Amino acid sequence: MDYDDLYKVLPKDPKKWKLDDVTIWLKFIGLQDLDVNFRQNAVDGALLSTLDDNDLKEMGIVESTLKIKKLVQWIQIGFKEYSEFLKSLDKDQGFDYQKQSFNQQQEDNGTSNSLVVSNQYKRSSIKAAIFEDQVQSNQSFKQTVEEVNDVHEIIKTTYSQQECNTYLININNGNQRIPIKKEGVSIGRNPDNQLVLKEDYVSRQHCKIFHKENNGFFYLQDLGSSSGTFVQLTNPTLLKEGLVLHMGSGQFLISKIKIQGTKCSVFIKVLEGIMENNNLDFELTQDQTALIFGRQMSMFADDTHLSGQHAQFTYIEEGLVIEDLDSRNGTWLRLSPPHKQSEPIKLIDGRRFRLAFEQFFQFHNN
């Protein structure tokens, strides 16, 4: 989905599109032959975002399941991402949230929704965990490419790299096994990639896996994709300001972490999903309280993609930690904002990652 090119011909939010704008969009995605179907049904931007595949079939778009699939991908993913892309153009940098003004708003206006913490939480895995030998790096959503924010993932065992059989499992494609050599593999829609994915939501040059000779590990790096590369957090993970988590149908920006002695105040901006554009906050006491995040919270009760107890936030000596609570859909970290190249993140055996919301892979190094 080439949002830069779409912006040149249609630089406004999809929800504000008129019938003529929908015509321009259909021509842009190569489906101009369907314009008569959309005009006969008076489909403008406001209506467009509510359509599903059944609606499209009722409009007479039945001659090609590929056309329906393409339209549904735009309706479910593309329009939302294009809206975010337009918002990013209104700022000096995409997703570069103004930390100072946001925090002042939190403290002065009281507009944040305070969340209730509990003293009942899972302790065992955090107490038993040790830090990974090599610190992982991840670009902050508030920082430039030059300013790197460390992400420390806590794992339960030390991993030693050896000469081994390295491959990806494509979970979407019947667990297809894709060998990875030391030369690495590039992934994207462009035919020049070693692994070519034709889906519209995959960028031309989406991400790559490469090998570092100095330590023998493989790394994953987003190459500035529009729909994002996400890694699944299966172990307790230290959080830093500027990181974005994906849980359920929502994406959550860690806007501010304020530590005072044994107290840790956390401020979160909801970027997407239920409670979108709302601010959340909570305060933790070191080794005593936790926030259990999930559908059990009344404000997220309608998010069916969230588990009842999805993940927990705790404050330990090393800092603010998130840990997935064996949720159904997992807790994910987005590597970089749209159109920004990420810092490499280490691939340990069994690590899952995905492109946008559709393409799932698992890395193996046996």
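These are my notes on the pockets, the nonpolar cores and one loop residue of this structure.

**Entry 1: the model.** I am working from a predicted model.

**Entry 2: the largest pocket.** I looked up the volume of the largest pocket and found about 460 Å³. Its lining is made of 18 residues, and H246, G248, S249, H305 and F357 are the ones nearest the centre. I then asked which elements give two or more residues to this lining. They are α6, residues 65-89, and β14, residues 244-247. The largest share is that of α6, with four residues. Sorted by class, the lining has eight polar residues, five nonpolar and five charged.

**Entry 3: the second largest pocket.** The second largest pocket holds about 370 Å³ of space. I count 17 lining residues on record for the second largest pocket, with K15, S49, I75, F79 and K80 nearest its centre. Here the elements giving two or more residues are α6 and β16, the latter spanning 263-272. Again I looked for the largest share of the lining, and α6 supplies it with seven residues. The classes are eight charged, five nonpolar and four polar residues.

**Entry 4: the largest nonpolar core.** I turned next to the interior. In soluble globular proteins, nonpolar side chains tend to be buried together. The largest nonpolar core of this model has 49 residues. Those with the most contacts inside this core are L168, I209, L220, L245, M247, F313 and F353. The largest share of the core, four residues, belongs to β16.

I picked L220 and listed what it touches, leaving out residues up to four places away in sequence. The list for L220 includes C207, K208 and I209, then T229 and V231, and further along L335, E343, P344, I345, L347 and F353. I note that I209 and F353, both touched by L220, are also named among the core residues with the most contacts.

**Entry 5: another core.** Apart from the largest core lies another, of 26 residues, including I61, I75, F79 and L86. I had already met I75 and F79 near the centre of the second largest pocket.

**Entry 6: M59.** Where does M59 sit? It is in the loop between α5, residues 53-58, and α6. Is M59 buried or exposed? M59 has a relative accessible area of 9%, and because the cut-off for buried is under 20%, it counts as buried. Leaving aside neighbours within four places in sequence, I find M59 in contact with N37, F38, N41, V43 and L51. I also checked M59 against L34: the two are 25 residues apart in sequence, and their C-alpha atoms are 9.7 Å apart in space.

Conventions
Residues numbered from 1 in each chain as written. Predicted model: local features only at pLDDT ≥ 70, side-chain atom pairs only at ≥ 80, totals over all residues. Heavy atoms only, no water. 1 Å grid on protein atoms, 1.4 Å probe; cavity = no way out; pocket = protein on both sides within 12 Å on 5 of 7 lines; lining within 4 Å. Points joined across faces, edges and corners; volume = space filled by probe spheres on them. Nonpolar A, V, L, I, M, F, W, Y, C, P; charged D, E, K, R; others polar. Core = buried A, V, L, I, M, F, W, Y, C linked by side-chain atoms within 4.5 Å. Buried < 20%, exposed > 50% of the residue type's maximum accessible area, 1.4 Å probe, protein only. Contact = heavy atoms within 4.5 Å.
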